[in-house]
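Reader: Could you take a close look at one part of this model for me, and then show me how the rest of the chain is put together around it? I work at the bench, so residue names and distances are welcome.

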Amino acid sequence: MTETTFHTAHRWLLEWQDDVDVLTLGNGVQVKILFDDPENRYQQLLVREARASAPRSGVEILEPEFAAGSSWTQVESVNRHLREARPDGVLVMLAGGQWTRSPFERLPRAGVAVVLLNRIPDWVEELRREHPKALIAGVTPRQEGVGEIQAGQALRLARPGSFVVLVTGEASS
């Protein structure tokens, strides 16, 4: 049996476990949502779900911002929030080709928690090591599982001997 490690982040007054989806926040925590595409229905659904569930945990979801595919717009948002009214945490879906570390490494240095959704850059682990007391997390679907579902759907739709074309979209979708 693996050992459960509990972590605490002092500013957030929260605890979480490595092997269980448990996260308890203190009242009054403010979270800013920085997403990519304002027209993306999945991202709109995530905003609605966050707004609906946040009050149960005493979390205030600040007005979401969308970068409209511009990584530069998202970098400007991060910088503005560090200069002005600083949230306790940000929930980020990286915009466009945004894989640059520097704007996001300033957040934990300033005591702002970072949770990345869907696309997790390879620098996240290093950032966690450099800021062991900060909440830096990534949430992404298990891609192998998604692929298995898609393969099963294709097999059900395709007749024996048929030809299948794979069409992919933007990484932000």
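Author: Happy to, and let's start with Val-167: its relative accessibility is 70%, so Val-167 counts as exposed, the cut-off for that word being over 50%. Please keep in mind throughout that this is a predicted model. Val-167 sits in the segment that follows α5 (143-157). On the surface, Val-167 joins Phe-163 and Val-165 in a nonpolar patch, and the three together have about 400 Å² of accessible area. For the protein as a whole, about 11100 Å² is exposed, and 54% of that comes from carbon and sulfur atoms.

Now for the chain around that patch. The protein has five helices and nine strands, and along the sequence they come in the pattern β-β-β-β-α-β-β-α-β-α-β-α-β-α. Of its 173 residues, 38% count as buried. If you take contacts between residues at least 6 apart in sequence, 55% of them join residues at least 24 apart.

From the surface, let's go inside. The largest nonpolar core has 15 residues, and Val-78, Val-90, Val-92, Phe-104, Leu-107, Leu-116 and Trp-123 are those with the most contacts inside it. At least two residues of this core come from each of α2, β7 (89-92), α3, β8 (113-117) and α4. Val-92 is a good residue to click on here: leaving aside neighbours within four places in sequence, Val-92 is in contact with Leu-34, Phe-35, Gln-74, Phe-104, Val-115, Leu-116 and Leu-117. Another core, of twelve residues, lies apart from the largest one, and Val-47, Ala-50, Leu-91 and Met-93 are among its members.

One of the helices feeding the largest core, α2, also has polar partners worth a look. His-81 is found in this helix, which covers residues 71-83. The relative accessible area of His-81 is 12%, so His-81 is buried, since the cut-off is under 20%. Its side chain makes a polar contact of 2.6 Å with the side chain of Glu-65. Not counting residues up to four places away in sequence, His-81 touches Lys-32, Leu-34, Glu-65, Arg-86 and Pro-87. Leu-34 therefore turns up twice in this picture, as a contact of His-81 and as a contact of Val-92, while His-81 itself is buried.

Glu-65 has a second partner in Arg-80. The two form a salt bridge, with 2.6 Å between the closest N and O atoms. This pair links distant parts of the chain, Arg-80 being in helix α2 and Glu-65 in strand β6, 15 residues apart. Glu-65 is buried, with a relative accessible area of 17%, whereas Arg-80 counts as partly exposed, at 26% relative accessibility. Side chains of opposite charge can pair when their charged atoms come close.

In the loop between β6 (65-66) and α2 you will find Ala-68. Its relative accessible area of 60% makes Ala-68 exposed. Check its backbone too: phi of Ala-68 is near 55°, a positive value in a residue other than glycine. Most residues other than glycine have a negative phi.

The structure holds eight salt bridges, and two more of them are worth visiting. Glu-105 and Arg-109 meet through their side chains at 3.6 Å, N to O. Both lie in helix α3 (residues 102-109), four residues apart, which is about one turn of the helix. Glu-105 is buried, with a relative accessible area of 17%, but Arg-109 is exposed at 55%.

In helix α4 (residues 124-130), Arg-128 and Glu-125 are separated by about one helical turn because they are three residues apart. Their side chains meet in a salt bridge of 2.4 Å, N to O. Both count as partly exposed, Arg-128 at 29% relative accessibility and Glu-125 at 43%. Salt bridges that share partners also join Arg-101, Glu-105, Arg-109, Glu-126 and Glu-130 into one network.

To come back to your starting point, Val-167 is exposed and belongs to a nonpolar surface patch with Phe-163 and Val-165.

Notes: Residues are numbered from 1 along each chain as its sequence is written. This is a predicted model: local features need pLDDT of at least 70, side-chain atom pairs count only at pLDDT 80 or more; totals for chains, interfaces and linings use all residues. Side-chain values use heavy atoms; hydrogens and water are left out. Buried means under 20% relative accessible area, exposed over 50%, partly exposed in between (1.4 Å probe, protein chains only). A polar contact is a pair of N or O atoms within 3.5 Å; within protein, one must be able to donate a hydrogen and the other to accept it, and residues adjacent in sequence count only if both atoms are side-chain atoms. Contact means heavy atoms within 4.5 Å. Patches are made of residues with over 30% relative accessible area and no salt bridge: like charges are joined within 9 Å, nonpolar side chains (Val, Leu, Ile, Met, Phe, Trp, Tyr) within 5 Å. Accessible areas come from the Shrake-Rupley method with a 1.4 Å probe; for residues, only the protein chains shown count as cover. A salt bridge is a side-chain nitrogen of Lys or Arg within 4 Å of a carboxyl oxygen of Asp or Glu. A nonpolar core is a set of buried Ala, Val, Leu, Ile, Met, Phe, Trp, Tyr and Cys residues joined through side-chain atoms within 4.5 Å.
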